[in-house]
Amino acid sequence: MHVQVISSVNEAQADRFTHRTAIVIDVLRAASTIVAALQAGASGIYSVETVLEARALQRPSDLLAGERFCRKIPGFDLGNSPDEFTSEAVMGRRIILTTTNGTRALHKAARADHLLAGSLLNAAACSRAALELRRDIVLLCSGSHDEFALEDGLCAGAIVANLQAGSPSGLEMDDFAAAMLSLYNNASGRIYETLAASATGKRLIKLGMSRDVRHCAQLDSSEIIPRMQGDMIVRG
């Protein structure tokens, strides 16, 4: 089995996902929020790229959620903070989500045979699911403003570490995957501190969203595996 890591959505080319399992990573915060929403009982999540698409797709019972430049979109029901997605707010509801980077990355990876959403919250669970699908694996770091984001690389390293542990016959990886594995091995004892020191983490903390950073730093706290089924992300 071969694993490659793509550093940001700007580096993603559609043909790199064909016949593979893709795990789209957006630690701060889209993938973490998707995990939280499904954990809280949302029926599914539509990932769209623009605010106009979100509004056009909305049906009466749907919730609009998302952010632009870390802030909740005006007129939307929810932002992109995992703590907003409580059972009281989302149970049985369909969510239409648009974010600056994560939902773009999900669309970039749409040609994959199997598409999962990964975060630090579900890194081990995502790794096990990907191994069971028996395809080569591509990890797409959503990044921030078309550039690599440290927190996504850290999560990619955590997933690679789990894939390596679950592959007794050996795991082939590209150089960037090996680099992210080293990053994770060096930082695994200080996950929150690494997120808080990242550019996105600093931005969120400055905006008063330190709770989001702490929530998203909870390594392997969830067994939820968000999986694309048709056009909707559901609990796998």
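**Exercises on helix α7 and Serine 144**

Serine 144 lies in the loop that connects β8 (137–141) with α6. The model is predicted, local features require pLDDT of at least 70, and side-chain atom pairs count only at pLDDT 80 or more, whereas totals for chains, interfaces and linings use all residues. Residues are numbered from 1 along each chain, and side-chain values use heavy atoms, without hydrogens and water.

**Exercise 1.** Determine whether Serine 144 is buried or exposed.

*Solution.* Buried denotes under 20% relative accessible area and exposed over 50%, with partly exposed in between (1.4 Å probe, protein chains only). The relative accessible area of Serine 144 is 12%, so this residue is buried.

**Exercise 2.** Compare the expected span of α7 (residues 175–187) with the distance between its end C-alpha atoms.

*Solution.* The expected span is 1.5 Å times one less than the number of residues. For the 13 residues of α7 this gives 18 Å, and the end C-alpha atoms are 18 Å apart, which agrees.

**Exercise 3.** Classify the packing of α6 and α7 by angle.

*Solution.* Axes are lines fitted to C-alpha atoms, for helices over the stretch in contact, and angles run from 0 to 180 degrees between N-to-C directions. The angle between α6 and α7 is about 95 degrees, and their axes are 7 Å apart. Angles under 35 degrees count as roughly parallel, over 145 as roughly antiparallel, 65 to 115 as roughly perpendicular and the rest as oblique. Therefore α6 and α7 are roughly perpendicular to each other.

Methods: Helix = DSSP H or I, 4+ residues; strand = E, 2+ residues; numbered from the N terminus.
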